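Let's walk through a ligand site together, one feature at a time. Have a look at the model first.

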Amino acid sequence: MAIIILGDRHAGAQAPAVPDAAAVCLSCHGPFGRPETPEYPIIGGQNAAYLASALRAYRAGQRTGEAAGVMTGVAEPLDDRTIEDLAAFFSSLRSLR
Ligand code: HEC
């Protein structure tokens with residue numbers, strides 16, 4: 001599955017490990033963080049600090065709007081460490097742009 005392909009692609013490179021929590025993200029944000037439909041934002045290759053701050057904002061309920069509720073539910077159980085790991089991982093997919 002996608003996660004294994006990503007791991008192979010980065011074998012030998014200094015890529016962050018694929019966090020376990022990333023599996024669920026791919027179901028909406030697509031393999032490589034590049035969704036197949038426009039209702040999900042591209043997160044692959046985004047700035048890591050931006051991704052982490054977005055996730056913390058969802059977790060805190062600070063992002064509102066039509067679709068934000070989905071991400072609030074996703075982000076609520078994440079601890080800070082997991083958020084940093086997820087941000088580093090999705091950011092590392094930059095080369096696939
Ligand atoms: C059920 C579908 C779904 C899942 C699962 C999901 N997301 Fe999302 N995500 C969305 C939608 C929809 C939005 C846009 C929400 C909005 O309008 O604020 C979004 C937005 C985001 C954003 C903000 C992007 C931006 O450009 O501001 C980030 C970061 C993000 N998701 C990361 C993740 C991560 C990391 C995971 C896994 C832990 C994840 N998402 C799981 C549907 C999903």
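Q: How many residues surround the ligand, and which are the closest?
A: A residue is near a molecule if one of its heavy atoms lies within 4 Å of it. Here 21 residues surround the ligand, and the closest are Cys25, Cys28, His29, Tyr50 and Met71. Keep in mind that this is a predicted model: local features need pLDDT of at least 70, side-chain atom pairs count only at pLDDT 80 or more, and totals for chains, interfaces and linings use all residues. Numbering starts from 1 along each chain as its sequence is written, and side-chain values use heavy atoms, leaving out hydrogens and water.

Q: Which polar side-chain atoms lie close to oxygen atoms of the ligand?
A: A polar contact here is a pair of N or O atoms within 3.5 Å. Tyr50 has a polar side-chain atom 2.3 Å from a ligand oxygen atom, and for Arg63 that distance is 2.8 Å.

Q: Which protein atoms are donors of the iron atom?
A: Donors are N, O and S atoms within 2.8 Å of the metal (3.2 Å for Na, K and Ca); water is not among the atoms, so sites may look incomplete. In this case the protein donors are His29 (NE2) and Met71 (SD), 2.0 to 2.2 Å from the iron.

Q: Why is the arrangement octahedral?
A: Six donors count as octahedral if opposite ones are over 155 degrees apart and all others between 65 and 115. The 6 donor atoms around the iron subtend angles of 85 to 179°, so the arrangement is octahedral.

Methods. A polar contact is a pair of N or O atoms within 3.5 Å; within protein, one must be able to donate a hydrogen and the other to accept it, and residues adjacent in sequence count only if both atoms are side-chain atoms. Four donors count as tetrahedral if all angles lie between 85 and 135 degrees; four count as square planar and six as octahedral if opposite donors are over 155 degrees apart and all others between 65 and 115; anything else is irregular.
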